[in-house]
Structures are given as structure tokens and as C-alpha cells.
Amino acid sequence: MSKLNPGKDSTRGPSNFVREIIIEDSKTNKFGGRVHTRFPPEPNGYLHIGHAKSINLNFGLAAEFGGKCNLRFDDTNPSKEETEYVDSIIQDVRWLGGDWEDRLFYASDYFGQLYEWAVQLIKAGKAYVCDLTAEQVREYRGTLTEPGRESPYRNRPVEENLQLFERMRAGEFPDGARTLRAKVDMASPNLNMRDPVMYRILHAEHHRTGGKWCIYPMYDFAHGQSDSIEGVTHSICTLEFEDHRPLYDWYLDQLGIYHPQQIEFDRLNLTYTLLSKRKLLTLVQEGRVSGWDDPRMPTIAGIRRRGYTPEAIRNFCDAIGVSKTTGTIELSLLEHYVREELNKRVPRVMAVLRPLRVVIENCPENQVEEMEAVNNPEDAGMGTRKVPFSRVLYIEQDDFREDPPKQYFRLSPGREVRLRYGYFITCTGLVKDNAGNVVEIRCTYDPATHGGNAPDGRKVKSTIHWVSAAHAIDTEVRLYDNLFRVEDPNQVPEGQNFTVNLNPSSLEVLKCAKVEPGLRGAAPGNRYQFERLGYFCADADSAGGKLVFNRTVALRDTWAKIEKAQQGKR
RNA sequence: UGGGAGGUCGUCUAAUGGUAAGACUGCAGACUCUGGAUCUGCGUAUCGGGGUUCGAGUCCCUGCCUCCCAGCCA
């Protein structure tokens with residue numbers, strides 16, 4: 001497992017090609033033995049699980065090799081960037097365990113230097129001010145198979161370029177009127193090299209520099225130089241930037257400045273999940289979800305609210321590896337690491353989601369017993385607690401069937417089951433409403449089985465959970481399913497958009513759930529296993545005595561599988 | 001159809017010329033006061049065709065397939 005905290009032990013992480021490159025570079029002393037990475041988000045949206053992969057890689061590698069990792073905002077496009085996003089990103093990276101120490105940077109910190117470098121390229125005859133409109137630039141660029149044509153402004157004298165660029169900066173021209181372009185090669189088979197735009201005119205308020213600038217550098221003219229300024233050694237980015245590497249290298253070489261190495265890896269793709277800031281923004285703006293932190297969102301804020309832990313996410317990131325092959329990870333792998341982590345960490349508790357009233361006929365009216373329950377069978381150190389037992393209880397509707405199907409082991413008329421940490425009970429009857437729904441079941445208990453053990457050694461096929469009706473706390477429970485109902489939400493029918501793939505039942509709210517009294521006052525963020533149901537996390541909406549729980553992930557459910565298979569046969 | 005990058009179990013990753021391995025998923029079983037957890041077992045893969053070699057997933061040739069690129073986004 002790689003680590004984000006340099007303080008911990010130095011066990012080797014799983015290897016990957018980036019790590020191999022770094023090891024090789026250390027051997028050859030390519031960067032004087034230094035390892036310096038960076039995580040460079042654009043503050044135009046919230047971070048998601050795909051970013052966690054990059055964060056884990058960059059911070060993990062730096063920690064492993066005794067290097068450094070910067071947090072740098074790639075804020076070169078003021079029309080899309082906001083302080084709210086900066087704040088959320090800082091919070092999320094920190095929550096995931098990334099430590100940038102005092103190295104929090106912004107590409108906008110370098111606007112002055114970038115401008116000077118642009119002037120340097122103009123003077124060297126490597127850049128020119130172009131008056132072509134956006135549409136004309138597109139026409140002149142050529143196509144994938146045909147070379148482009150040179151701009152009529154390409155050979156402007158240096159002095160004229162200098163003056164025009166200065167006037168661009170001074171705000172003399174409207175948005176889009178001119179650009180500063182690099183003079184590279186309009187016939188290059190790599191479109192990025194066909195005189196790429198270095199600066200565009202944008203009269204927009206920047207979240208940090210305010211109104212100081214009205215020209216802003218393009219990504220390509222900012223990223224490599226930012227890396228260079230910060231002394232980055234390995235500039236790790238995703239595969240779609242592979243075509244940009246020649247340009248990354250070109251700018252650095254033309255400028256004659258320190259030259260980091262760009263390395264590209266495959267971005268994360270997850271089944272049933274969309275990892276595109278643009279599309280996630282659409283979901284937020286159209287109100288398809290409650291916000292960036294809706295627990296169904298793959299954002300860090302969303303899965304944190306859902307109850308995922310940083311450790312689980314880190315383990316997941318370590319497990320999926322890093323490569324250059326384009327692939328899609330199954331969501332079940334992520335869920336596996338979430339369960340694995342929560343199983344070890346989290347206390348057990350009894351909760352009934354869809355209550356069915358049970359009356360224990362031979363239990364005295366006013367008797368209340370405190371039953372002892374284990375807090376976590378995986379960790380004896382977590383101790384035990386008392387749970388009240390009385391004559392009227394609630395059990396899960398799902399745990400009773402009037403006509404039990406084959407292999408159904410739970411309660412049904414005449415059958416005996418164990419109430420966890422309670423007693424053995426036998427169903428003696430049931431009560432239905434006018435519509436024929438079972439609204440109450442009648443049982444008897446065997447007082448000799450106090451605590452859940454039969455002195456005569458007899459067995460029951462099933463143990464079910466319960467709460468005491470008089471003591472249980474009412475609570476709201478939110479059950480989540482995949483936000484999308486298809487494996488690949490990007491696969492969309494002609495003429496439609498990705499929202500057609502939204503799962504209409506991704507959220508189910510249960511208003512009448514009951515939890516054992518010990519959960520009174522559970523603080524937002526507290527995690528529990530509701531026995532036999534899943535892992536749940538108290539939501540921020542819990543307030544003023546009201547309790548709300550999010551289902552983080554369900555427990556593996558063997559019976560559900562059997563039942564599904566049975567229904568499939570019919 | 002130009003350029004770039006990739007093709008190993010269902011999925012992801014490993015094997016760095018020498019027995020194709022692990023995890024997840026799936027299936028079967030054991031155990032169990034959670035049909036949870038845990039444990040055991042099973043299954044399925046080197047894109048195709050040539051070549052080099054004692055030996056090829058790995059090297060060479062060739063074909064096929066997939067992904068990315070024509071923003072004044074990053």
C-alpha cells in the first residue's frame with residue numbers, strides 16, 4: 001500500500017510503470033535524485049474518485065521516495081473557475097491524506113513570468129499576434145488528414161508583435177479579437193503543433209487576480225512552465241495529454257528553462273458511474289441530484305457524505321494499479337474495499353428499516369430486560385453494550401413470510417428463530433388489515449433461551465435483528481443505488497443525452513425506520529453497521545433530535561441472490 | 001483515411017526470453033448467535049498469422065481491433 005503520509009513506514013507500494021520510471025531516474029541521477037510531483041486540478045468543479053487516483057499516485061510516489069508533492073491550481077480560465085471550487089478541492093485533498101505542506105500554488109501566481117516568457121518568444125521570432133477569428137483559425141488549422149495553412153499574420157515584424165501584444169494586455173481589444181500564437185509548424189501531423197494559441201483575450205474577473213489581466217495563457221503555455229518554476233521532476237497526467245507532450249517539451253526548450261518530464265497514465269473509469277466534471281456539473285445544475293455532495297455522486301464530497309473512508313479509497317487506488325491501457329474498473333471492487341475497511345472499524349447496531357410489529361404473548365407486560373450485545377465481532381476491544389428487550393418489538397418485514405419459499409430460513413407461522421442477543425421465538429399467529437397485509441405477528445418466546453442460547457442445544461436456522469418498540473428511536477434512512485442504470489452511462493441512444501441513463505430509483509427514503517436507543521445523538525459522520533443490512537453513516541441533515549442515516553453500502557446478501565435466482569427460474 | 005497510444009481470465013493488474021500469477025466478480029462447499037465476516041475449492045486469458053530461439057505474453061515482420069486529437073477548455 002502506498003502512503004500519503006511520509007511519517008509512516010516505508011513498505012513498498014504495488015509497482016507500476018510510473019514508479020519504475022522514477023526508480024530508473026533515481027539510478028541514473030536524472031534529476032539529481034529528486035522526486036517532486038504535483039497534483040494540478042482546475043478549480044472548475046468538485047474533485048471525484050478519478051482525481052483520488054491521481055492524488056494517491058502523486059502524493060504516494062513523493063512520500064515513498066522521500067520527495068515532495070505540490071498542490072497547484074491550474075487556474076488559467078477565469079470564465080469557469082471559482083473560489084468555491086478551490087475551497088472544496090483543498091478540503092478534499094486534505095481529507096484524502098495529501099500533504100502539500102507549504103506548497104500551495106496557483107498557475108495564476110505565474111502570470112507575470114508567463115507574460116515575460118511570451119515576450120521572449122516574440123523577440124526570438126517564435127510567436128506572433130494573429131488577427132484571425134476563432135472560426136478562421138479553425139479553417140486554417142486543416143484537418144486530421146490535411147495540413148493547415150499559415151496565418152497571413154504569421155510573419156509580422158517582431159516590433160509590431162511586441163506592440164500588439166502589449167496592447168492586448170492593455171485591454172485595447174475586445175474578447176477574441178486577437179491571439180498570441182506560437183510559430184511552430186502548420187503542417188505538423190500533430191494538430192497541437194499547428195501554431196497553437198498561447199494567449200487569448202478574456203475580459204473576465206479572475207478569482208485571484210481580479211481585473212488585473214484581460215489576457216490569459218492557454219493550458220499548454222502555462223502547465224509546463226509552472227512545473228518548471230516549481231522544480232517538478234515527474235509531471236504525471238492522463239492519457240489525453242499524450243499529444244500535448246511535444247508542445248510541453250517545445251515551450252520549455254524554446255525558453256531554455258528547467259525541463260521536467262511529462263508521463264501519462266490512464267484515467268479512472270468506473271462502471272455505472274460518470275467521471276466528467278462537465279457532466280457532473282450538469283447533474284447539479286439541472287437538480288438531478290441535491291448538490292455536488294449528494295451521496296450518489298462520485299465526488300469526494302459525495303462519497304464522504306455517503307460514508308466512504310479515505311483509507312478505503314486509498315486501498316482501492318492501490319489495488320487498481322496504474323497503466324497506459326484504457327480500461328474500466330468494476331464498481332464492485334470499490335465497494336469491496338469500503339466493506340473491508342468498515343467491517344474492521346465500525347460498531348454493530350440493530351436497526352429495523354421497514355418495521356413489522358411483533359408481540360411476544362408470554363412476555364410480561366411491563367418487563368424490560370437489558371440484553372448484552374457485542375459491538376464488533378471483528379474486534380473484541382470494542383466491547384459490549386446493553387439493548388432493551390420487551391413484550392412488543394419490531395422486526396424487518398422482510399424477515400417474515402406467511403408462505404415461506406424454499407430455502408427461506410426466517411420467521412413464518414409455526415417456525416422458531418433467534419432474536420439476536422435476545423430469545424428464541426416461535427410464530428403462533430398473525431394479524432392482517434382489511435387489505436390483507438400482515439400488520440402484526442404473534443409469537444411466544446422461550447425464557448430459557450435468554451441471551452440467544454438454548455440450554456438444550458437445539459438449533460434454529462436463522463437469527464434476525466429487532467428493536468424494542470417502546471425504546472426504539474424513529475429515524476429516517478436513505479438507501480442509495482447506482483446513479484445510472486447502465487454499466488456505461490456514456491453509451492447514449494442517438495439524439496439523446498446521458499441523463500436518459502439515470503436510474504429513477506437511485507434514492508429511496510424510508511421515513512419510519514427504527515434504531516436501537518444507543519444511537520440517540522449520533523453525530524453526522526458517525527458510521528455503523530446495521531446488522532444484516534449494511535453500513536450506514538449519520539447524515540449532516542441529522543439535527544435537533546432528528547436522525548438521518550445514509551446507507552454507505554449494503555452487506556453481501558446471499559438470500560437476495562437465492563431469491564433472485566428462484567424468481568429467474570419461474 | 002494523418003498523428004499519438006494501447007490490446008493477458010468477465011474486470012483490473014502482474015509475469016522485464018524460462019511452470020501465465022493475484023485481486024474483484026461468479027459458482028460450489030465449510031463454519032457461523034449477522035444468509036455478515038472468515039476459510040476451502042472451481043472456473044475462464046496472452047487479438048490473428050508468420051518468423052527468431054532449446055524455449056516467446058515478452059524479440060522481429062505482418063494483419064486486425066480499441067482509445068485519444070481538428071476549443072481562443074483543461
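**Exercise 1.** In this predicted model, how do the residues of the surface near RNA strand B divide by class?

Solution. The classes are 21 nonpolar, 22 polar and 21 charged residues. Altogether, 64 residues surround RNA strand B. The closest are L191, S323, R348, R418 and G451. On the RNA side, sugar and phosphate make up 65% of the strand B atoms that come within 4 Å of the protein.

**Exercise 2.** Find which parts of RNA strand B are approached by P189, Y421 and E242.

Solution. Start with the bases. A backbone N or O atom of P189 lies 3.4 Å from a base nitrogen of RNA strand B. For Y421, a backbone N or O atom is 3.3 Å from a base oxygen of the strand. Next, take the sugar or linking oxygens. One of these is 3.5 Å from a polar side-chain atom of E242.

Then turn to the elements. Those giving two or more residues to the surface near RNA strand B are α5 (134-141), β6 (197-201), α12 (331-345) and α13 (558-569). The most comes from α12, with five residues.

**Exercise 3.** Describe how helix α4 packs against helix α8.

Solution. Take the geometry first. Helix α4 spans residues 111-123 and helix α8 spans residues 245-255; their axes are 10 Å apart, at an angle of about 75°. Angles of 65 to 115 degrees count as roughly perpendicular, so α4 and α8 are roughly perpendicular to each other.

Now list the residues. From α4 come W117, Q120 and L121, which meet W250, Y251, Q254 and L255 of α8. By class, this contact has five nonpolar, two polar and no charged residues.

Definitions and conventions
Residues numbered from 1 in each chain as written. Chains lettered and ligands numbered in written order. Predicted model: local features only at pLDDT ≥ 70, side-chain atom pairs only at ≥ 80, totals over all residues. Heavy atoms only, no water. Axes fitted to C-alpha atoms, helices over the stretch in contact; angles between N-to-C directions. Helix = DSSP H or I, 4+ residues; strand = E, 2+ residues; numbered from the N terminus. Parallel < 35°, antiparallel > 145°, perpendicular 65-115°, else oblique. Contact = heavy atoms within 4.5 Å. Nonpolar A, V, L, I, M, F, W, Y, C, P; charged D, E, K, R; others polar. Near = heavy atom within 4 Å. Polar contact = N/O pair within 3.5 Å; in protein donor to acceptor, adjacent residues only side chain to side chain.
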